[in-house]
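Student: Could we go through this structure together? I would like to know what stands behind the terms people use for it.

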Amino acid sequence: MNLQAIADELYRHQTSAAELEKLTLRYEGLSVEDAYEIQQLCMGKYMNEGQKLVGWKMGLTSKAKQQSVGVDEPIFGHLLDGMELYDPHVSLTGLIHPRVEPELAFIFKHRLEGDKILPRDVWLATECVVPAVEIIDSRYKNFSFTLVDVVADNASSAKFYLAEQAYSPYQIALDQVGVVMRRNGEVEQTGAGAAVLGHPVRSVVEQVRMLSRIGKAVEPGMVVLTGGITEAIYIHDGDRISVSFEGMGEIELTVSQ
Ligand code: OOG
Ligand code: MG
(Lines give C-alpha, C1' and ligand atoms only; values in the text may rest on other atoms or scores of the structure.)
(Ligands and ions follow the chains in the order given, each with its own letter.)
Protein backbone atom coordinates (compact mmCIF):
# COMPACT_ATOMS: atom_id res chain seq x y z
CA MET A 1 0.00 0.00 0.00
CA ASN A 2 1.36 3.43 -0.92
CA LEU A 3 1.02 5.29 2.37
CA GLN A 4 2.68 8.41 0.93
CA ALA A 5 -0.01 8.64 -1.77
CA ILE A 6 -2.72 8.40 0.90
CA ALA A 7 -0.97 11.09 2.97
CA ASP A 8 -0.81 13.33 -0.12
CA GLU A 9 -4.52 12.83 -0.68
CA LEU A 10 -5.39 13.72 2.92
CA TYR A 11 -3.14 16.78 2.72
CA ARG A 12 -5.00 17.98 -0.39
CA HIS A 13 -8.35 17.55 1.34
CA GLN A 14 -7.16 19.23 4.55
CA THR A 15 -5.78 22.25 2.73
CA SER A 16 -8.75 22.69 0.39
CA ALA A 17 -11.52 21.99 2.91
CA ALA A 18 -12.92 19.20 0.75
CA GLU A 19 -14.66 16.20 2.26
CA LEU A 20 -13.53 12.72 1.38
CA GLU A 21 -14.79 9.18 1.63
CA LYS A 22 -13.44 7.11 4.52
CA LEU A 23 -10.06 5.55 3.70
CA THR A 24 -11.22 2.27 5.22
CA LEU A 25 -13.96 2.02 2.58
CA ARG A 26 -11.38 2.30 -0.18
CA TYR A 27 -8.22 0.64 1.13
CA GLU A 28 -8.55 -2.77 2.72
CA GLY A 29 -6.29 -3.84 5.53
CA LEU A 30 -5.00 -0.47 6.71
CA SER A 31 -3.73 -0.95 10.27
CA VAL A 32 -3.60 1.59 13.10
CA GLU A 33 0.21 1.63 12.67
CA ASP A 34 -0.29 2.46 8.98
CA ALA A 35 -2.66 5.24 10.01
CA TYR A 36 -0.06 6.82 12.32
CA GLU A 37 2.49 6.50 9.51
CA ILE A 38 0.10 8.29 7.13
CA GLN A 39 -0.46 10.98 9.77
CA GLN A 40 3.31 11.53 10.12
CA LEU A 41 3.83 11.64 6.35
CA CYS A 42 0.99 14.12 5.97
CA MET A 43 2.21 16.38 8.80
CA GLY A 44 5.70 16.14 7.33
CA LYS A 45 4.37 17.93 4.25
CA TYR A 46 3.26 20.93 6.33
CA MET A 47 6.61 20.96 8.11
CA ASN A 48 8.48 20.83 4.80
CA GLU A 49 6.61 23.98 3.92
CA GLY A 50 7.84 25.72 7.05
CA GLN A 51 5.24 24.92 9.69
CA LYS A 52 6.60 24.01 13.10
CA LEU A 53 5.58 21.22 15.43
CA VAL A 54 4.45 22.96 18.62
CA GLY A 55 3.00 19.99 20.49
CA TRP A 56 0.62 17.08 20.51
CA LYS A 57 -3.07 16.50 21.04
CA MET A 58 -4.75 13.60 22.69
CA GLY A 59 -8.23 12.75 21.48
CA LEU A 60 -11.07 10.51 22.59
CA THR A 61 -9.92 10.57 26.20
CA SER A 62 -13.44 11.07 27.58
CA LYS A 63 -16.47 8.78 27.38
CA ALA A 64 -18.54 11.68 26.03
CA LYS A 65 -16.20 12.03 23.07
CA GLN A 66 -15.77 8.30 22.50
CA GLN A 67 -19.52 7.72 22.45
CA SER A 68 -20.22 10.65 20.15
CA VAL A 69 -17.91 9.31 17.43
CA GLY A 70 -18.16 5.58 18.12
CA VAL A 71 -14.42 5.00 18.67
CA ASP A 72 -13.54 3.69 22.10
CA GLU A 73 -9.83 4.31 22.54
CA PRO A 74 -7.61 7.36 22.86
CA ILE A 75 -5.70 8.63 19.83
CA PHE A 76 -3.20 11.41 19.26
CA GLY A 77 -2.26 13.94 16.63
CA HIS A 78 0.30 16.64 15.84
CA LEU A 79 -0.15 20.33 16.72
CA LEU A 80 1.44 22.73 14.22
CA ASP A 81 1.96 26.46 14.68
CA GLY A 82 -0.40 27.17 11.79
CA MET A 83 -3.27 25.63 13.79
CA GLU A 84 -2.93 28.02 16.73
CA LEU A 85 -5.30 30.97 17.00
CA TYR A 86 -3.71 34.16 18.34
CA ASP A 87 -7.02 35.53 19.53
CA PRO A 88 -10.28 33.80 20.36
CA HIS A 89 -11.82 34.27 16.95
CA VAL A 90 -12.36 31.55 14.39
CA SER A 91 -13.14 32.04 10.74
CA LEU A 92 -15.12 29.29 9.02
CA THR A 93 -13.19 29.82 5.81
CA GLY A 94 -11.14 26.74 5.04
CA LEU A 95 -13.15 24.53 7.38
CA ILE A 96 -15.73 21.86 6.43
CA HIS A 97 -18.00 21.16 9.43
CA PRO A 98 -16.08 22.47 12.45
CA ARG A 99 -16.93 21.72 16.07
CA VAL A 100 -15.54 23.18 19.28
CA GLU A 101 -14.66 21.41 22.52
CA PRO A 102 -13.25 22.50 25.90
CA GLU A 103 -9.86 21.15 26.92
CA LEU A 104 -7.06 21.62 29.42
CA ALA A 105 -3.58 22.16 27.97
CA PHE A 106 -0.24 21.41 29.62
CA ILE A 107 2.90 23.36 28.73
CA PHE A 108 6.27 21.77 29.47
CA LYS A 109 9.64 22.96 30.65
CA HIS A 110 11.36 19.55 30.50
CA ARG A 111 11.46 16.69 28.02
CA LEU A 112 9.21 13.67 28.66
CA GLU A 113 9.83 10.41 26.91
CA GLY A 114 9.51 6.66 27.28
CA ASP A 115 6.86 4.13 28.13
CA LYS A 116 7.49 4.10 31.88
CA ILE A 117 6.26 7.62 32.56
CA LEU A 118 4.18 8.21 35.70
CA PRO A 119 2.02 11.18 36.73
CA ARG A 120 4.82 12.46 39.01
CA ASP A 121 7.18 12.66 36.03
CA VAL A 122 4.55 14.76 34.26
CA TRP A 123 4.20 17.16 37.21
CA LEU A 124 7.96 17.66 37.43
CA ALA A 125 8.13 18.45 33.72
CA THR A 126 5.10 20.76 33.63
CA GLU A 127 5.56 24.52 33.60
CA CYS A 128 1.87 25.44 33.64
CA VAL A 129 -1.66 24.43 32.76
CA VAL A 130 -3.94 26.57 30.57
CA PRO A 131 -7.64 26.38 29.66
CA ALA A 132 -8.09 25.81 25.94
CA VAL A 133 -10.59 25.19 23.18
CA GLU A 134 -9.98 22.96 20.22
CA ILE A 135 -11.74 23.32 16.87
CA ILE A 136 -11.94 19.91 15.27
CA ASP A 137 -12.96 19.36 11.66
CA SER A 138 -12.95 15.84 10.35
CA ARG A 139 -12.18 15.69 6.66
CA TYR A 140 -14.54 12.70 6.31
CA LYS A 141 -18.12 12.98 5.08
CA ASN A 142 -20.69 13.44 7.86
CA PHE A 143 -17.90 13.61 10.48
CA SER A 144 -18.02 9.82 10.40
CA PHE A 145 -14.94 7.61 10.66
CA THR A 146 -13.28 4.55 12.18
CA LEU A 147 -10.21 4.55 14.42
CA VAL A 148 -7.90 4.10 11.41
CA ASP A 149 -9.52 6.94 9.43
CA VAL A 150 -9.40 9.49 12.23
CA VAL A 151 -5.79 8.71 13.14
CA ALA A 152 -4.69 9.19 9.53
CA ASP A 153 -6.55 12.53 9.48
CA ASN A 154 -4.41 13.83 12.38
CA ALA A 155 -7.19 13.18 14.89
CA SER A 156 -9.46 15.76 13.18
CA SER A 157 -7.32 18.67 14.36
CA ALA A 158 -7.99 22.03 12.77
CA LYS A 159 -7.39 24.93 15.20
CA PHE A 160 -6.74 25.48 18.88
CA TYR A 161 -6.70 28.44 21.22
CA LEU A 162 -5.03 28.70 24.62
CA ALA A 163 -6.40 31.16 27.18
CA GLU A 164 -4.17 34.06 28.18
CA GLN A 165 -3.92 33.14 31.85
CA ALA A 166 -1.73 30.19 32.80
CA TYR A 167 -2.06 28.38 36.13
CA SER A 168 0.34 26.56 38.37
CA PRO A 169 -0.26 22.81 38.07
CA TYR A 170 -0.40 22.66 41.90
CA GLN A 171 -2.99 25.37 42.42
CA ILE A 172 -6.08 23.57 41.21
CA ALA A 173 -7.17 19.92 41.24
CA LEU A 174 -7.66 19.52 37.50
CA ASP A 175 -10.06 16.61 37.83
CA GLN A 176 -12.35 18.84 39.90
CA VAL A 177 -12.52 21.70 37.40
CA GLY A 178 -16.12 22.13 36.27
CA VAL A 179 -16.65 23.27 32.69
CA VAL A 180 -19.72 24.92 31.18
CA MET A 181 -19.88 25.57 27.42
CA ARG A 182 -22.52 28.00 26.17
CA ARG A 183 -23.58 29.07 22.70
CA ASN A 184 -25.11 32.56 22.57
CA GLY A 185 -25.82 32.35 26.28
CA GLU A 186 -27.51 28.92 26.21
CA VAL A 187 -25.85 26.05 28.05
CA GLU A 188 -24.80 23.39 25.50
CA GLN A 189 -22.42 21.11 27.40
CA THR A 190 -21.19 20.63 30.95
CA GLY A 191 -18.45 18.44 32.36
CA ALA A 192 -15.46 18.20 34.67
CA GLY A 193 -11.76 17.53 34.25
CA ALA A 194 -12.26 14.02 35.64
CA ALA A 195 -13.98 13.12 32.36
CA VAL A 196 -10.50 12.97 30.82
CA LEU A 197 -9.24 9.50 31.79
CA GLY A 198 -10.12 10.19 35.43
CA HIS A 199 -7.60 13.05 35.59
CA PRO A 200 -6.08 15.08 32.72
CA VAL A 201 -2.56 14.21 33.92
CA ARG A 202 -3.26 10.64 32.77
CA SER A 203 -3.82 11.90 29.27
CA VAL A 204 -0.29 13.34 29.25
CA VAL A 205 1.07 10.04 30.57
CA GLU A 206 -0.75 8.23 27.77
CA GLN A 207 0.48 10.77 25.23
CA VAL A 208 4.11 10.20 26.20
CA ARG A 209 3.70 6.42 26.15
CA MET A 210 2.06 6.51 22.71
CA LEU A 211 4.80 8.79 21.39
CA SER A 212 7.49 6.44 22.66
CA ARG A 213 6.17 3.78 20.26
CA ILE A 214 7.07 5.99 17.31
CA GLY A 215 10.33 7.23 18.83
CA LYS A 216 9.02 10.71 19.66
CA ALA A 217 8.81 12.76 22.85
CA VAL A 218 7.28 15.83 24.46
CA GLU A 219 9.95 18.51 24.12
CA PRO A 220 10.48 21.57 26.36
CA GLY A 221 8.13 24.39 25.34
CA MET A 222 5.61 22.04 23.77
CA VAL A 223 1.86 22.03 24.41
CA VAL A 224 -0.23 18.93 25.01
CA LEU A 225 -4.00 19.20 24.60
CA THR A 226 -5.42 16.52 26.86
CA GLY A 227 -8.72 15.94 25.01
CA GLY A 228 -12.28 17.21 24.97
CA ILE A 229 -13.90 17.27 28.42
CA THR A 230 -17.40 17.30 26.92
CA GLU A 231 -18.84 16.40 23.57
CA ALA A 232 -17.94 18.87 20.80
CA ILE A 233 -20.61 21.21 19.39
CA TYR A 234 -20.96 22.47 15.82
CA ILE A 235 -20.13 26.14 15.25
CA HIS A 236 -21.83 28.52 12.83
CA ASP A 237 -21.36 32.06 11.56
CA GLY A 238 -22.20 34.56 14.30
CA ASP A 239 -21.94 32.12 17.22
CA ARG A 240 -20.53 33.36 20.49
CA ILE A 241 -19.15 30.38 22.36
CA SER A 242 -18.22 30.88 25.98
CA VAL A 243 -16.46 28.24 28.00
CA SER A 244 -16.02 28.75 31.72
CA PHE A 245 -13.45 26.70 33.59
CA GLU A 246 -14.21 26.78 37.30
CA GLY A 247 -11.41 28.67 39.06
CA MET A 248 -9.54 29.12 35.77
CA GLY A 249 -11.48 31.87 34.01
CA GLU A 250 -13.43 31.86 30.79
CA ILE A 251 -12.77 31.71 27.04
CA GLU A 252 -15.06 33.75 24.79
CA LEU A 253 -14.80 32.54 21.20
CA THR A 254 -16.45 34.32 18.30
CA VAL A 255 -17.19 32.69 14.95
CA SER A 256 -17.50 34.38 11.57
CA GLN A 257 -17.48 33.46 7.88
C1 OOG B 1 -11.58 13.07 16.94
C2 OOG B 1 -10.73 14.01 17.72
C3 OOG B 1 -11.07 13.94 19.18
C4 OOG B 1 -10.81 15.00 21.44
O5 OOG B 1 -10.41 15.95 22.12
O6 OOG B 1 -11.44 14.06 21.91
C7 OOG B 1 -10.53 15.04 20.00
C8 OOG B 1 -12.94 13.63 16.66
O9 OOG B 1 -13.79 13.67 17.54
O10 OOG B 1 -13.16 14.05 15.51
O11 OOG B 1 -9.88 15.97 19.56
MG1 MG C 1 -9.78 17.58 21.07
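Tutor: Gladly. Let's begin with a term: two strands pair if DSSP finds at least two bridges between them. Keep in mind that this is a predicted model. Here glycine 178 stands opposite alanine 192 in strand 8.

Student: What makes strand 7 and strand 8 a pair?

Tutor: The cut-off is at least two bridges. Strand 7 (residues 178-183) and strand 8 (residues 186-192) have six bridges, in the antiparallel sense, so they pair by that definition. Valine 179 adds another facing position, opposite glycine 191 in strand 8.

Student: Which residue takes a positive phi in the hairpin of strand 7 and strand 8?

Tutor: Asparagine 184, with a phi near 50°. That hairpin has two residues between the strands.

Student: How do you know that strand 7 also pairs with strand 11?

Tutor: By the same test, at least two bridges. Five bridges join strand 7 to strand 11 (residues 240-245), and the two run antiparallel, so they count as paired. On this side, the bridge partner of valine 179 is phenylalanine 245.

Student: Now the ligand. Why is the approach of leucine 60 to ligand 1 called a polar contact?

Tutor: A polar contact is a pair of N or O atoms within 3.5 Å. A backbone N or O atom of leucine 60 lies 2.7 Å from an oxygen atom of ligand 1, so the pair qualifies. Glutamate 103 passes too, because a polar side-chain atom lies 3.0 Å from a ligand oxygen. For glycine 228, a polar backbone atom is 2.7 Å from an oxygen atom of ligand 1.

Student: How much of ligand 1 does the protein bury?

Tutor: Taken alone, ligand 1 exposes 320 Å², and the protein buries 100% of that. The space taken by ligand 1 is the largest cavity.

Student: Which strand gives the most to the shell around ligand 1?

Tutor: Strand 1, with three residues. By class, the shell has eight nonpolar, four polar and five charged residues.

Note on methods. Residues are numbered from 1 along each chain as its sequence is written. Chains are lettered from A and ligands numbered from 1 in the order in which they are written. This is a predicted model: local features need pLDDT of at least 70, side-chain atom pairs count only at pLDDT 80 or more; totals for chains, interfaces and linings use all residues. Side-chain values use heavy atoms; hydrogens and water are left out. A polar contact is a pair of N or O atoms within 3.5 Å; within protein, one must be able to donate a hydrogen and the other to accept it, and residues adjacent in sequence count only if both atoms are side-chain atoms. Accessible areas come from the Shrake-Rupley method with a 1.4 Å probe; for residues, only the protein chains shown count as cover. On a 1 Å grid over the protein atoms alone, a cavity is a set of points where a 1.4 Å probe fits but cannot get out, and a pocket is an open set with protein on both sides within 12 Å along at least five of seven lines; lining residues have an atom within 4 Å of a point. A molecule sits in a cavity or pocket if more than half of its atoms lie within 2 Å of its grid points. Helices (H or I, at least four residues) and strands (E, at least two) are DSSP runs, numbered from the N terminus. Ala, Val, Leu, Ile, Met, Phe, Trp, Tyr, Cys and Pro count as nonpolar, Asp, Glu, Lys and Arg as charged, and the others, Gly among them, as polar.
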